[in-house]
Amino acid sequence: MIEQFKEAVNNGLSTPHKNLPSKYFYDKKGDALFVKIMGLPEYYLTRAEHDIFKNQTSNIITSLKLEKDTYFELIELGAGNGTKTKELLKLLSKEGYNFDYLPVDISQNALDNLENNLKTELPFVSVKTKQGDYFEVLESLRHSKHPKVILFLGSNIGNMNDAIASIFMQNLSANLNLGDKLFLGVDLIKSEDIVLPAYNDSQGVTAAFNLNLLDRINKELDADFNRNNFIHTPTYNEKEGIAKSYITSTINQDVHIKAINKTFSFIKNEKIHLEISRKYNDEILNNIITNTQFNIKNKLSDSNNYFANYILEIE
Ligand code: AVI
């Protein structure tokens, strides 16, 4: 893990257009800051998807063509605290559907918390947690021929560029069988005045979330970044539908990273690219699933039409 982190930081800071991968945002402090982001007035994504789960729960069940007497596996990739999913679990359980809920996460701690919480809140739901990498877990489940519904929520696919998202969908498709479904949460392309503030909130929580990566490098790779010499400078291009997070050096400076045994120079106004948050529409999603067995079957949107959950099926 630390070796991979070291390599990613070294590679990213050694190229002419410096970058650092956003997957390293999520240490303990980063997790807590992301929870704060999800509650921010400007960060509409989580509320919009929750709106769909809360107000269109029966619609979700109908769109997934679930039948009460056919057992299925409900597999959630990157389950987190399951707030949205609980709305669906509650109704499925109340109406007597025959299923197991299989939350998949890399963090055993996150899974333990979710399992304990569900034991109290929804004691009749059968929960089988799966710790590990998404594809390792899916590979292991592939041989069970039970119908599967995969939940991949929260616009998590948006943090992949289109090439990586296509490969992700190809891998997912290859691990599923005919008739299996994917319930995919994506943020929709919309105007800059709505999207940009979601990544540039007035309380500076998103700035802290981005700059925390420098603190993580200082801590784990023994570096001397001074986060006061960098500012958070996100952008959003409405035409392509992509938000990008950068941090910009405010002065000419050198930073030494002991674990890599290297000094990196930054000139005033030089940017480090950290994150991409891709927004979707039907055309973009169709391009991404071109080389897969998935077809779009349905789409549910929130009341503002900010966010959508697509239903895709293996055909
Ligand atoms: C996790 N992911 C979908 C978030 C997003 O909206 O791209 C991460 C995030 N970055 C800044 N704010 C939230």
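Reader: What makes the pair formed by an oxygen atom of the ligand and the side chain of Tyr199 a polar contact?

Author: In this predicted model, an oxygen atom of the ligand is 2.6 Å from an N or O atom in the Tyr199 side chain. A polar contact is a pair of N or O atoms within 3.5 Å, so this pair counts as one.

Reader: Which distance puts Glu275 in polar contact with a nitrogen atom of the ligand?

Author: An N or O atom in the side chain of Glu275 is 2.7 Å from that nitrogen atom. The limit is 3.5 Å, so this pair is a polar contact too. For Asn159, a polar side-chain atom lies 2.8 Å from a nitrogen atom of the ligand. Taken alone the ligand exposes 340 Å², and the protein buries 98% of that.

Reader: How do you know which parts of the chain supply the shell around the ligand?

Author: Helix 2 (28–38), helix 10 (205–221) and strand 12 (271–278) each supply at least two of its residues. There are 14 residues around the ligand, and Tyr43, Asn159, Tyr199, Glu275 and Ser277 come nearest. By class, the shell has seven nonpolar, six polar and one charged.

Reader: What makes up the lining of the second largest pocket, by class?

Author: Six nonpolar, four polar and six charged residues. The lining has 16 residues, with Phe72, Pro147, Lys148, Gly179 and Lys181 nearest the centre of the pocket. Lys counts as charged, so Lys148 and Lys181 belong to that class. The volume of this pocket is about 200 Å³.

Reader: Which residues does UniProt list for the domain?

Author: An unreviewed UniProt entry lists residues 5–313 for "domain: Histidine-specific methyltransferase SAM-dependent". Over residues 5–313 the chain is 38% helix and 25% strand.

Definitions and conventions:
Residues numbered from 1 in each chain as written. Predicted model: local features only at pLDDT ≥ 70, side-chain atom pairs only at ≥ 80, totals over all residues. Heavy atoms only, no water. Near = heavy atom within 4 Å. Polar contact = N/O pair within 3.5 Å; in protein donor to acceptor, adjacent residues only side chain to side chain. Areas by Shrake-Rupley, 256 points an atom, 1.4 Å probe, with all protein chains shown as cover. Helix = DSSP H or I, 4+ residues; strand = E, 2+ residues; numbered from the N terminus. UniProt positions renumbered as here; feature names shortened; annotations may be inferred. 1 Å grid on protein atoms, 1.4 Å probe; cavity = no way out; pocket = protein on both sides within 12 Å on 5 of 7 lines; lining within 4 Å. Points joined across faces, edges and corners; volume = space filled by probe spheres on them.
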